[in-house]
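Please open the structure in a viewer and keep the selection tool at hand. The stops below are best taken in order.

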Amino acid sequence: MERRHHSQSHSQRQQRRNHFSSSSSSSSNQSRSNNRFSFPKSSSSSSSSSANDVRDRRRETQEEKQEEAIVGTCPFMCPEAERLQRQRLRDLAVFERLHGDPRNSSPALAVKKFCRTMSAKEVRASDVRPLPVLEETLNYLLSLLDSTEHPFEVIHDFVFDRTRSVRQDLIMQNIVNDKAINMFEKIVKFHVISHHKLRSSCSSSSISPLHYLNLEQLTKALTSLYNLYEANRSSKPIHEKEAEFRSFYVLLHLDSNGQPVGESLSLWFRHVPSPIIKSKEMWFARQALRYFQMGNYRRFLSTVAAEASYLQYCIIEPYIDEVRSLALCCIHNCCYKLHPYPLGHLSKVLMMEESDVELFCNAYGLQTCIDEVGNKLLPTKQTTFCRPKGGLQNYSFLGFQQLGSHMLSSLFYNHFLLVPMKPFSHVDGWN
Amino acid sequence: MAYMSMGEAHRRITDYLNRFSDAVSSQDVASLKQLLSFSSNSPSLLSLADSLNVFQDANRLIKQSDNYSPFADITVPLFRSLQHYRTGNLVDAYLAFEKSANAFIQEFRNWESAWALEALYVIAYEIRVLAERADRELASNGKSPEKLKAAGSFLMKVFGVLALGTVHLCRSVIRSIETARIFDFEEFPKRDKVTYMYYTGRLEVFNENFPAADQKLSYALINCNPRSEANIRSVSAVLIVMILKYLIPVKLSIGILPKDWLLEKYNLVEYSNIVQALRRGDLRLLRHALEEHEDQFLRSGVYLVLEKLELQVYQRLFKKIYIIQKQKDPSKAHQMKLDVIVKALKWLEMDMDVDEVECIVAILIHKNLVKGYFAHKSKVVVLSKQDPFPKLNGKPVNS
């Protein structure tokens, strides 16, 4: 019994640090201990009197944790005290303002803010929302994604912070069941969508802080989700959507050389359950990885177009640019100078609309030309070839249907996410 | 031995236990080390042993005190071991010490930093000394000496702390080993160095730092001391296999193929087909080998490394086609039609269109596995007349 406490304490402390700490480090390593979340319900930990010895120091954290697993009683999305205070201080987000009034909110609009707590002893049960309230809160937050009144960054900022608070409340109450899994899955989806949409809107090549912070929380939430899957292994061997969510990890780490911290994919794969490895979603991710590592741009791009789900696409998108870049580089440098490369064919290779291909080449300092019959061509081995200085704009991706913003919230309730996009179907430009 | 009163014995025992728990709570590795080093035959440990014989109820003492019970799993068997050691009962002393040492590793894993590393080394040392003496006792009683082997696998476990995803702990442990002036790595017994290099080399494989992995794993292999090769179950032979399982993928990645006799001798069948595939340029065989041993490769963590060999297999295939063409018509050999490659791949049951072949060709050229260029309109690869298929020369394929 005692040993279990101790073997839990380290990884749990690590877990909690990840949830409560500031945005310093990125992804945490997936811990190995199995019983991490199950607190022994019996009072095996007899309280001690002396305050100085080691056992007490450990037990204290253990008891702290059991104390931390409080049961929230707050009936609103935002504790009343906080709402009143923020009204007084005019600290209300746009979505929380009643009729646009910065001094006035309501229980239907105010949502609890994320706040770093150092110790759960400071937290009152009345400030913590119980599970049903958290579920409603999360659903409300995700419905805001459809809003057309505000730019996406503003919506994202609000939902980002408030979902972080939802996660915090879940952890504090040690809710680790199916419903927690459900909620974390939705939160991860939000971060994935933001990953995609924030990228679209940033113009410079440097990743915006919003984008970076979002990626950080995406990784943290994903790690928590994996831990939840593990913790629930006895009641449910494999969760319905686990394969897809596991595949996200692979797709986030395609470029293993770029990872300074975190577990390498080789290490990570060691602990993935066999049914997940054999799943369709993981198969796709592994194929993407294989083609990416090999540099097989043709197969990479066509496989993504044919098999990626919307969420998988969102994650893999930055790598699409990288692969296209590689393709252009290879073709430009290795193709016979006297045989300019037809743009039509290049469009097929890059899985890009032909009009975009021209812009793409221009971004790399390359000029196109036209032959006698009017076909557009890319002369190779031009001396002006160079990496684009600014970021790349967003180009079409053949086979990808961009969902209009009004459909975003539906992503959280339908299962059609797992249906692969059809290749060469309706193409939308991006704006 | 002078007469020791119950009270005195009790006092000495609680004294030891207090020092133990104080050392842990204040992370005082110097004190902790002294409490574990049996072979030093320090007076305090000897008198502790005597005390344990007088006050026979140490276990209850430990388990009932909130101060000492957290470490019961370590101290209870430790005391037992000490008692056996004192009475010259080395086999039992070894068994109990091993139990205590295993419990120690568990605790070590939970501590957030590697502060107790030196204590871990002391335990590793002590366990080996005890094992050797236990084996001597066994041999003298006509039994088979197998404690040293058991100690060997315990040592694996000790260094197992360096592996297995506790990456942050690994880094601090490795850093403390590699920068500690207190230890000279060379001073450590060879076996420890070998196991250390094995585990850190393996980590390098997972992080795909192939030159570092090669260096470390090769060191481990060379210093493995295969004196008892004949006994395939000896610690050395087991270690050799473990090292090879990681060293072979590393060597393959830098273009070095193991000889068949090596694979046969150590029964590394999972690699035979892969090596064959590389030799013959047989893509189908590579994919087949990866599928056949997929679980094993994924669990050991070398799957991704092996998968990357695909490009080298392509290079080999193209080279073979080139050689065949050269035999038919040397003047035209340096021009390879993409259609010919498509046909060759079809023969290997790999369905690839000419566009994809062009892509592969482009990548091979880009990564300097092939020297030349391709002509899109005429669908031909034109190879350099000199050294069109450069060897890797000990460097991994550049990404």
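Among contacts in chain B between residues at least 6 apart in sequence, what percentage join residues at least 24 apart? In this predicted model, the share is 61%.

**First stop: chain B.** Select chain B and display it as a cartoon. Its secondary structure consists of 20 helices and three strands. Of the 399 residues in this chain, 55% are buried. Switching to a surface view shows what remains outside: chain B exposes about 18,200 Å², and 51% of that area is supplied by carbon and sulfur atoms.

**Second stop: the largest nonpolar core.** Now select A:Phe269, A:Tyr297, A:Phe300, A:Ile316 and A:Leu346. The largest nonpolar core has 172 residues, and these five touch the most other members. Next, highlight residues 310-334 of chain A, which form helix H13; with 14 residues, this helix gives the most to the core.

**Third stop: A:Tyr297.** Centre the view on A:Tyr297 and leave aside residues up to four places away in sequence. On chain A, this tyrosine touches A:Val323, A:Ala327, A:Cys330, A:Ile331 and A:Val349. From chain B, B:Cys359, B:Ala362 and B:Ile363 also touch A:Tyr297. Apart from the largest core lies another, of 55 residues; to find it, select B:Ile62, B:Ala101, B:Ile127 and B:Leu138, which are among its members.

**Last stop: confidence in chain A.** Colour chain A by pLDDT. The chain averages 77, and 72% of the residues score at least 70. Over residues 1-63 of chain A, the pLDDT is below 50, although this stretch has 131 contacts in the model beyond near neighbours in sequence. Residues 415-431 of chain A also have a pLDDT below 50, with 51 such contacts. Where pLDDT is low, predicted coordinates should not be read in detail.

Note on methods: Residues numbered from 1 in each chain as written. Chains lettered and ligands numbered in written order. Predicted model: local features only at pLDDT ≥ 70, side-chain atom pairs only at ≥ 80, totals over all residues. Heavy atoms only, no water. Core = buried A, V, L, I, M, F, W, Y, C linked by side-chain atoms within 4.5 Å. Buried < 20%, exposed > 50% of the residue type's maximum accessible area, 1.4 Å probe, protein only. Helix = DSSP H or I, 4+ residues; strand = E, 2+ residues; numbered from the N terminus. Contact = heavy atoms within 4.5 Å. pLDDT = per-residue confidence, 0-100. Areas by Shrake-Rupley, 256 points an atom, 1.4 Å probe, with all protein chains shown as cover.
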